[in-house]
Every structure is written in structure tokens, then in C-alpha cells.
Amino acid sequence: MSKEAPLSVSERQFILEALRQDARLDGRGPDQFRPLSITFGEEYGHVKLQLGKTSLVVRISAEVTQPRDDRPFDGLFQINLELSAMGSPAWENGRSNDLEAYATHVLDSVVRRSNALDTESLCILKGVSCWSIRADVHVLDFDGNLTDAACIAIMTGLQHFRRPDAVVKDGQVIVYGVEERVPVALNITHKPLSVTFNSYNDGKNIIVDATLKEEQASEGELVIGINNGGDVCFVSKFSGAPVDAMEVVVKSNVALEKVKDINTKMEKAMQADLAKRAKKGMADLSRAENDR
Amino acid sequence: MVGPTASLSTLNRADGSASYKCPATGYDVLGAVNGPIELPARRDALKPEDATVEVFVKPGNTTAGVGERYVEGILRSVLGKVILGRERGFPRRGVVITLAIVGGDAVERGDSYLTILPALLHTSLLALLSAAVPLSMTFSATLLGVTKSGEIMPDLSAADAKTAVSRHVLAFSSKNHLLLNESEGRFDFNTWEQVRERALSICQELTMPGSDGDVAMGDESDGSKVDGFVRETVEDRLRRDYTWKIDS
Amino acid sequence: MSTPLILLPGDEVPSNHLPSTKSNPLKLGSGVRLLSQPSTNSAASSHVLTASQAGILTTDAKRNTVSLQSFSNRRYIPTTNDLIIAQIHHSSIDYFHCIVTPHTAQALLGQLSFEGATKKTRPMLNRGDLVYARVSSVGLGAGAEVEITCVNPATGKAEPGGLGPLTGGMVFDISTGFAARLIRASSSSADHGDAIDGLVVLSELGKKLESSGGFEIAVGRNGKVWVDCSAAGDTAIKSTIAIGRCLQSTDDNNLNTTDQKKLVTKVLREMKLSS
């Protein structure tokens, strides 16, 4: 039960032959993402993302905790991805698989270790207390390109999330409720996203945002993590057939274009949602606090 | 009082799925059912003639712990009784039910899991219906709290549940049999008897099963009545799936 | 049918909805089961039919059957005489072991269960090859094995036509409910013109792609459609993709007949297959 059903010979040959003719099963071009939809739940940092038939929910949460001994000025940030049988019958509940480990590694590198979230700003009182931010990824439907979809959703969530305000008074940490003080946004230093490329036919065809069937037919993949400014923060040629070095350079440009495009969409969706929240007014805001 | 909202077959990959939102507690639960499928590790379970039911509860923003395992046990025993695991294609296979709490506050470690239990039960039922897993009956569940003054409160919020002296989750089958009773806190037998009656009337102020079957379900079932609401959700989806048939 | 009767598990099937022919016994389809009820009233019938899944009650007076049609995305459970598309997983001395639905036990296909197959002429199928087959038996009891065949044992022919290995082409995944509709639609008279089960997508595609060579199609009840346009020459790949997109979109969005026609025109234009 731990593996997706293998592709049949016919399917594999067809996908490869179609790509030779620059055709994909859903009629997309090689550098085209599937339709992306980002919506938000009731709480801050609750993102529902749909990329074609891949869909997931990301929830961001914060709690006050003690910083690590070796990093007294730093807050904590953790990305938690657990694949359950909901996303695909091939995934067994409560047991991790290769995809989970791989996706976690990519997300960790692109979002956390590139310091997209400024963890120093999460410090409340040196060595005593800090914020711990947690991103939980729930995969609802898996149809390929899990990492890019999760990356977009986490970055959206981090920008959308508001944590309660906290101050230090006479050595005491006071956390204010949402109705006492306006909750604060997290400090985002840059907006990196991952773009996954899959290669076919000895590297002659390279596509973005592969579906599950396309991923299964792929000979190798290349992941590039890049931000709006064009700074590459992650490159991984993790497995499969080799890719020409020049392709990595060429594809970095494609990735940059995609990231700019997605970040614009993300910004739009978020502004629309925040405007809607502002309209709803304080009444709702305080109700949200009561629920807490 | 706003009734719960739900929709069926919301996911693509799972064999059956449902999303369920309970307004009183704010919980938003997604359920997925896969079955019948092969469970490699547990092929020859204790009952080889029966299907194995697996339940997995995934909290929204914490790691699963003891509380989840505990509630999984409750769900497994209730659902195991309702699922007809001996129907064709099911013996020795597994029915895997995955429930993700995608909205609402996390149940803090050590806090009562009863507040979310009705939502989990309803989501599982709807997802099982969506996957067309054979069931002997449907059921409905409700959460009631008893205050210090001995008053029985329906539609508890998470905060109400904390202040209540005792909390009770009761589930009744569509034939009005008591399927599940989980109680917490201090209460005496008389209180429980009152709670049971109240819960039964909440779960059952519903379309009467069977007798109601041939009447086209209309406005008679309002959302807060749990069983009627299950029926409504199922009918909505079936009508949508079969528009081609109904219209012609 | 104007007001469909929708039942939930545990609901009794009202007896006035059952086919009334008394001559031959009533056959129970999926989702309906017979319960004997110890009744106090001796005059009442001691058996009741109850639903075991949610669905629309469907009766067939001609064949005297009653069943419940449930949601379309459910998992396929092998039933005798269903046509399916199976994928070879591995072979043993006597059998090919085939995947019918992912993550369930493999079905057995006899090495000689093909038209005209003998020990010397049997097809050599490898892992990943596809066959169009009929479910010949589902066995009894727990852990029984599903057997499938590509030949009618009575005649030795590949009946119904088209059974056997599927080479080339492409397989698209669809819901099991849609697969059942497609089978009914394509098996009833092909040039019927009218929509069968609310489906015109296939006949519409057939009309539009006829000039370029047409296409072959095989629908498996297990939620798979095999499409091959190799007769179309240069546009084979594009035509196949177009057909797959039309079928999946009709399934996903539950399109009505007008929208199906619009979709076919739109997709064919997008794929540059029609003017």
C-alpha cells in the first residue's frame, strides 16, 4: 500500500511521445503551471490552496516557549508535513514515506533555512521566552508537485498570519489578547518559492508543475528555490537522469518568472482577504478572540 | 441557531470524502475514506471474515498524541459496529478513515476530546456514505453539558464545555438505539437519564427513518436536527451526481 | 423518473417501489440486502429489504432487479461480467497477476484465457501491459481471488468484441460512476443520435474526429478509459489528448449535454484539431 499504482507501458510511452510533440495531457505548455487558487479560512494563517487537482491546507500557529540554549536571541520555526491516507490511498497513516522526507527537506531548505521568516524578531526576552511558529501542512489531494504547492501555501500563510502582541514589563512577559492590542504580522525578509522541473526524453523536454502521472513518467527532476529579487536560495538535482548545466541557468530564469508571477497572485489573494477582514470590523475581531 | 454545514465527495483521490463544519464549536473537519483496500501488515486479523476498520485523527496545528489515539479508539468501535464488514469485497480488507481537523482551535493536550467527538462522528459517517461502504444504519450524535445549577445545555462551545460540570456525548442510531455514551465530570444517574432523553430528542427531532422514506424530503428537516441534516447532505450530492438522470 | 427515491443505510425499501412481476425471483443489486424480521404479526411478510448504502433506488422491471445507485467516485468492487481494464503486475506459470484497482489484491488472468491461445501461441505480456478483460468470477467467502478472462469460455472467442491486450494508446482515469455511464452509452446503438444517460460527448467526438481517422475506445468499469487514435496519423497524440480532456472534464464538472457539445468544440479548437 505504500506505493502509487505504477504507470502502464502505454501511459508512459504516450506521455513521452506527447512531450516530444510539446503536448501535455491537460493541454498546458511546458512552462505553464496549473490553475492556482488560494483562499483563506476564518483564522489568520489558515490557507487553502488548490493547484490543479493537488490541494492542501496550511495552518500557521504561534505559542510562547523557551528559546534554545545555543540561540538565546532566536525564536523557533518549524514546518510540519505529515502525509495521511487522505491525500492519496498510497500513503499509510502514521508511517512516513520517501516523499514525505523529501518534501520536508525541500520545504525546510527553501523556506526555513533561507531565513524567509526572521526568527530573531520572534525573540521576546533573551534566553527566557520567544515565539514558536509552526506551519502544519495537510495534503488533501495529491496529483503531483507537492513541494511547490506546499511552498506557496506556507509562504502565503506566513504573510497572512498575525500573532498576538507581547511585551516585556519589569522582566515579566505579557501577551496581549487580540482585542487588547492589534495582532502583529510576522517579519518576512524575502519571499522565496520552489519551482520543480521534470525532465524527459534525455533532458530534451523539461516541464514545470508535473501532474502525478507526469511525475511517474519523469526521468529526473530539478528543484530551484528562488525569490522575487532573483536570489537563488536552493538548487537540488536530487535524483534521476543528469541535466545539462546550461539548463540549470536557463531554468533559473524560468523559475524567476514563475515565482514573480505566483507572488503577485499570492499578494492579490491576500490583500483581497485582508480588505474583507478589515471591512467586517472590530466586532468580528473580538468574537474571534472569544473563540480562542 | 445555525445548523452544521457539510458537503460530500469534496476530494478527488480518496474513495469517499466529506467536509463538516460545526458552528457551535467552530470545528471544521475533513474526512476521507479509502476502502476496501489491502492492509499488508494486518492481513490475518483476529476476524478474518470481517473488514478491518482503521481510524486516524490528524489535529490541525499540533502533533497527534494520546488524546487523538483515545478518540480514534472510540470512533473505531462505533464505526466498526455500523460498517457491514462482511459484504462482498470487504472481508480481510481494510476501511481506512482519515479525519483532519482543518479549522477551529486545537484541542490542547490533556483537554477533553468530547467537544469534537460529534463532529468527528458525523464527518466519518458522511465520508463512509460517500465511499458507498455498506452500513447497517446511520446515526447522529450530540454533545450536552450540565451546568452547576443542573441545567442541560445543548450546542456547547469549547469554552462552555470547560465550565460545564459534566459533559456527555451520546450517539443514537437511525433506529433510535443508543450507540455510544461518553461522559465526563461529576453527575448522578438521574442527571444522566435527563441528558439521555434530551440527547435522544435532539438526535431524533428528525425525519423518522423508514416511514419518511417515500416522501420527497423537503423543508421539514431543519439544519439543527442532526439526522435530517445527514439525509439532506446526501440528497443534495446525489441529486447533483445524477442530474443527467433526474432531468431526463 | 421524476422524483427519485433516495435511501440511506438502514432505510427499508418500500414494497410498492419493487418490480411487480411475480413470475421469477427478484434479483438484488448493489446496496440492497435482505433481512429477515421476526414479526409478531404473522400476516406481515417476515422479510424486508433494507438499504446498505446511500443511493437512488433503481429498478428494472424487465430483468426484475432492484439496486441502489450511489456516488460516482466510489472504489470499484469487482462484479462478475463487468468489463475492466487491468494492468499486468507480474506473471507466474499459470497466471498473469493483474492490477484492477490500486491497493487491492491482484486479479488472476489465466495465461491461456485469450482467443485462440495455446501453450505456444499465448500472448507474452510483461509488467505494465494492459488488457481489456471480463470479470469471470469473484469467488466466495473471505479472501477469495478475483478471476478475469479475455475469452468467452463457451465459444473460445474474444466476446464481447475487443477483449485482449491493449497496445499503444493512452489510459485516462475517470470516476467509476462515469465509467458505468460510458459503457451504457457506448454499448447501446451507436448511431442513435439521442443522448444516452445524458452523454453526448462520445458521439460528438466521433462525429468531429471521423474525418481524421476516428478513434478506438475501451471503457473499464474500474474507472479507466483507453483511447487510441493511431489511425489519425500526425494528429494521433493531439486527438487522444483532446478525447481524454473532454471525458475527464465531463466527469469532473458533471456537464449536461449542451455543455458537453460546447466543451468538445472548445477543446478541439484549442488543440487545433478543427477549424
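# Reading a predicted three-chain complex

Student: Let's start with chain A. How many helices and strands does chain A have?

Tutor: Chain A has 5 helices and 14 strands. Keep in mind as we go that this is a predicted model.

Student: How do I read the overall size and compactness of chain A?

Tutor: Compare the radius of gyration with what a globule rule expects. For chain A the radius of gyration is 21 Å, and the rule gives 19 Å for 292 residues; the two are close, so chain A is as compact as a globular protein of that length. Along the principal axes, its C-alpha atoms fill a box of roughly 70 × 40 × 40 Å.

Student: What share of chain A is buried?

Tutor: Buried residues are 42% of the 292 in chain A. You can also look at how far apart in sequence the contacting residues are. Taking contacts in chain A with a separation of 6 or more, 71% of them join residues 24 or more positions apart.

Student: What does the UniProt record mark on chain A?

Tutor: An unreviewed UniProt entry carries the annotation "domain: Exoribonuclease phosphorolytic", and it covers residues 32-164 and 195-244 of chain A. Take the two pieces in turn. Residues 32-164 are 23% helix and 35% strand, with end C-alpha atoms 39 Å apart. Residues 195-244 are 12% helix and 52% strand, and there the end C-alpha atoms lie 17 Å apart.

Student: Can we zoom in on one residue? Where does A:Asn201 lie?

Tutor: A:Asn201 lies in the loop between strand S11 (193-200) and strand S12 (205-208) of chain A.

Student: Is A:Asn201 buried, exposed or partly exposed, and why?

Tutor: The idea is to count neighbours: 20 or more C-beta atoms within 10 Å would be buried, and 12 or fewer exposed. A:Asn201 has 13 C-beta neighbours inside 10 Å, so it counts as partly exposed.

Student: Which residues does A:Asn201 touch?

Tutor: Leaving out residues up to four places away in sequence, A:Asn201 touches A:Leu16, A:Leu19 and A:Arg20. You can also check a pair by distance: A:Ser218 is 17 residues from A:Asn201 in sequence, and their C-alpha atoms are 8.7 Å apart.

Student: On to the interfaces. How many residues do chain A and chain B put into their contact?

Tutor: Chain A gives 25 residues and chain B gives 23. On the chain A side, strand S3 (54-65) and strand S6 (129-141) each supply at least two residues. The largest share of that side, 5 residues, comes from S6(A). By residue type, the side of chain A that touches chain B divides into 7 nonpolar, 9 polar and 9 charged.

Student: And how many residues are in contact between chain B and chain C?

Tutor: There, 45 residues of chain B are in contact with 34 residues of chain C. Strand S3 (28-37), H2, helix H5 (226-241) and H6 of chain B each give two or more residues to the chain B side. H5(B) supplies the largest share of it, 7 residues. That side of chain B splits into 19 nonpolar, 12 polar and 14 charged residues.

Student: What confidence scores does the predictor give the complex?

Tutor: The complex has an ipTM of 0.90 and a pTM of 0.92. For single chains, look at pLDDT. Chain B averages 84, with 85% of the residues at 70 or above. Among the elements of chain B, H6 (residues 243-247) has the lowest mean pLDDT, 76, and H2 (residues 117-130) has the highest, 95.

Student: Where in chain B is the pLDDT below 50?

Tutor: Over residues 206-224 of chain B; that stretch has 38 contacts in the model beyond near neighbours in sequence. Where pLDDT is low, the predicted coordinates should not be read in detail.

Student: What about chain C: how many helices and strands?

Tutor: Chain C has 4 helices and 15 strands. Of its 275 residues, 44% count as buried. The average pLDDT is 86, and 90% of the residues score at least 70.

Student: Why do the ends of helix H3 in chain C agree with the expected span?

Tutor: A helix rises 1.5 Å a residue, so the 18 residues of H3(C) (residues 236-253) should span 26 Å, and the end C-alpha atoms are indeed 26 Å apart. H3(C) is also mostly covered, with 14 of its 18 residues buried. After H3(C) comes C:Asn254, with a positive phi near 55°.

Conventions: Residues are numbered from 1 along each chain as its sequence is written. Chains are lettered from A and ligands numbered from 1 in the order in which they are written. This is a predicted model: local features need pLDDT of at least 70, side-chain atom pairs count only at pLDDT 80 or more; totals for chains, interfaces and linings use all residues. The expected span of a helix is 1.5 Å times one less than its number of residues. Two residues are in contact if their C-beta atoms, placed from the backbone, lie within 7 Å. Ala, Val, Leu, Ile, Met, Phe, Trp, Tyr, Cys and Pro count as nonpolar, Asp, Glu, Lys and Arg as charged, and the others, Gly among them, as polar. The radius of gyration is taken over C-alpha atoms; the globule rule is 2.2 Å times the number of residues to the power 0.38. pLDDT is the predictor's confidence in each residue, from 0 to 100. UniProt positions are given in the numbering used here, feature names are shortened, and annotations may be inferred rather than shown by experiment.
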